[in-house]
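Let's take a stroll through a two-chain model and see how its parts sit together. Have a look at the picture first, then read on.

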Amino acid sequence: MMSDKKTVRFIITRQDNPNSDPYQEEFELEYRPNMNVISALMAIQRNPVDVKGNKIAPVSWDMNCLEEVCGACSMVINGKPRQSCTALVDQLEQPIRLEPMRTFPVVRDLQVDRSRMFDSLKKVKAWIPIDGTYDLGPGPRMPEPKRQWAYELSKCMTCGVCLEACPNVNSKSDFIGPAAFNQVRLFNAHPTGAMNKAERLNAFMEDGGMQGCGNSQNCVQSCPKGIPITTSIAAVNRDATFQSFKNFFGSDQI
Amino acid sequence: MAGNREFFNRRLHSLLGVIPVGLFLIQHLVVNHFATGGEESFNKAAGFMEHLPFRIFLEIFVIFLPLLYHAIYGLYIAFTAKNNASKYGFFRNWMFLIQRITGVVTLIFITWHVWQTRVQAAFGADVNFSMMENILSNPFMLAFYIIGVISTIFHFSNGLWSFCVSWGITISPRSQLITTYVTIAIFVALSFVGIRAIFAFV
């Protein structure tokens with residue numbers, strides 16, 4: 001056995017409730033091999049004692065799938081927004097700093113409320129309507145190469161990292177954020193979804209929608225799933241250009 | 001079409017920056033370049049522009065109104081950003097920040113430049129080679145003009161890149177990358193024209 005116990009240091013930004021001021025607390029944990037940020041947070045939960053030995057309220061955070069597909073455990077780790085489940089302690093510089101993604105309202109500690117992202121999915125109608133008063137039948141088929149292409153876009157887990165990285169998503173602007181562009185492109189590309197393309201684009205062109213993008217392209221650099229968000233942005237920009245021309249000059253707005 | 005005013009405003013801002021304001025910028029820099037051919041050459045070119053028929057309408061509709069709209073809405077855009085280039089130091093994020101800084105610098109420069117030339121002309125001054133020679137004989141003004149011209153050209157060149165993305169002309173990463181190189185070339189070429197013209201007055 002090694003004599004000196006290896007430890008891991010954490011500095012965590014905490015906040016007791018949505019309206020209180022944030023503060024920092026420091027923790028020193030026993031190192032275990034293959035630790036990730038979540039297992040460290042779990043260790044704090046089991047033994048909520050800070051570095052000075054004070055007993056404190058356990059740190060709260062969100063998590064769900066633990067394999068980077070649900071997006072719930074996103075937080076700012078050493079200055080970068082990412083999922084805490086795939087943030088391996090061995091790969092992080094210490095002390096490891098954890099902060100909530102402040103673009104979203106903080107619920108408590110590292111927990112944020114990402115409701116605005118789910119609201120924006122509703123705003124842009126990010127679904128494919130298949131319900132009718134009668135059987136609508138099987139619908140058009142999607143070619144396999146296109147399905148594979150669309151699969152890459154469908155990897156978005158609404159984690160909020162792109163909104164956190166975007167300089168234009170903030171309290172001064174009502175920009176919907178990068179993620180929604182990708183959803184509009186995904187559902188407009190689907191053969192059945194394409195039947196509501198104009199509806200989706202028109203909703204997206206409304207105030208508080210797509211127009212706030214300033215092309216900083218932080219979103220595509222930060223996306224944990226490697227989704228070509230800026231390609232989706234430019235593609236939807238083109239569709240919106242045509243849609244707005246159709247709306248103004250054309251007769252066929254659908 | 002209630003409820004999509006923002007979309008219209010933003011697209012109009014993007015369009016006006018290129019047509020007509022960007023085109024006017026190129027024309028202006030080219031006419032300035034006549035200064036390299038000497039005083040007479042510049043005065044002849046400037047005189048030609050000055051005596052264009054319907055000049056006041058051309059100025060209002062091709063320059064002042066589009067420029068005013070682009071400037072005012074641009075200020076609003078610039079100040080709604082929460083810049084984070086120190087945290088996310090990607091190339092495009094720096095361009096995003098510099099685009100906003102040069103926008104403000106350019107507005108200050110152009111306001112001063114219009115005051116010093118066009119407004120003085122309205123008060124009866126002659127806009128000609130000797131006027132510019134006089135202005136640029138002041139080393140502070142010379143530096144201010146160099147910074148102003150470079151800033152304006154940067155804002156235009158990088159704005160062309162954003163224009164292409166905002167209207168959906170360049171979608172693929174490759175086309176956007178090549179447009180980056182093209183706009184860098186435009187920046188260098190126009191800066192050469194602009195700076196050479198400035199030094200022709202010194």
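Which residues form a nonpolar patch on the surface? The members are B:F54, B:I56, B:F57, B:L58, B:I60, B:F61, B:V62, B:F64 and B:L65, and together they have about 850 Å² of accessible area. (A patch takes residues with over 30% relative accessible area and no salt bridge, joining like charges within 9 Å and nonpolar side chains, meaning Val, Leu, Ile, Met, Phe, Trp or Tyr, within 5 Å; the areas come from the Shrake-Rupley method with a 1.4 Å probe, and for residues only the protein chains shown count as cover.)

Before we go on: this is a predicted model, where local features need pLDDT of at least 70, side-chain atom pairs count only at pLDDT 80 or more, and totals for chains, interfaces and linings use all residues. Residues are numbered from 1 along each chain as its sequence is written, chains are lettered from A and ligands numbered from 1 in the order in which they are written, and side-chain values use heavy atoms, leaving out hydrogens and water.

**Three residues up close**

Here's where three residues sit and how covered they are. Buried means under 20% relative accessible area, exposed over 50%, and partly exposed in between (1.4 Å probe, protein chains only). Helices are DSSP runs (H or I, at least four residues), numbered from the N terminus.

| Residue | Helix | Relative accessibility |
|---|---|---|
| B:S166 | α7 (residues 139–166), chain B | 17%, buried |
| B:L58 | α4 (residues 55–79), chain B | 37%, partly exposed |
| A:S232 | α8 (residues 229–249), chain A | 0%, buried |

Who does A:S232 touch, not counting residues up to four places away in sequence? That would be A:L153, A:F181, A:N182 and A:R185, where contact means heavy atoms within 4.5 Å. B:S166, leaving aside its neighbours within four places in sequence, is in contact with A:N215, A:N237, B:R11 and B:S14. The side chains of B:S166 and A:N215 also make a polar contact of 3.5 Å (a pair of N or O atoms within 3.5 Å; within protein, one must be able to donate a hydrogen and the other to accept it, and residues adjacent in sequence count only if both atoms are side-chain atoms).

**Where the chains meet**

On to the interface: 38 residues of chain A are in contact with 33 residues of chain B. A:K172, A:Q211 and A:N215 supply 18% of the area that chain A buries against chain B, more than any other three residues. (Buried area is the accessible area, with a 1.4 Å probe, that two parts lose on being put together, summed over both.)

Technical notes. Helix = DSSP H or I, 4+ residues; strand = E, 2+ residues; numbered from the N terminus. Salt bridge = Lys/Arg side-chain N within 4 Å of Asp/Glu carboxyl O.
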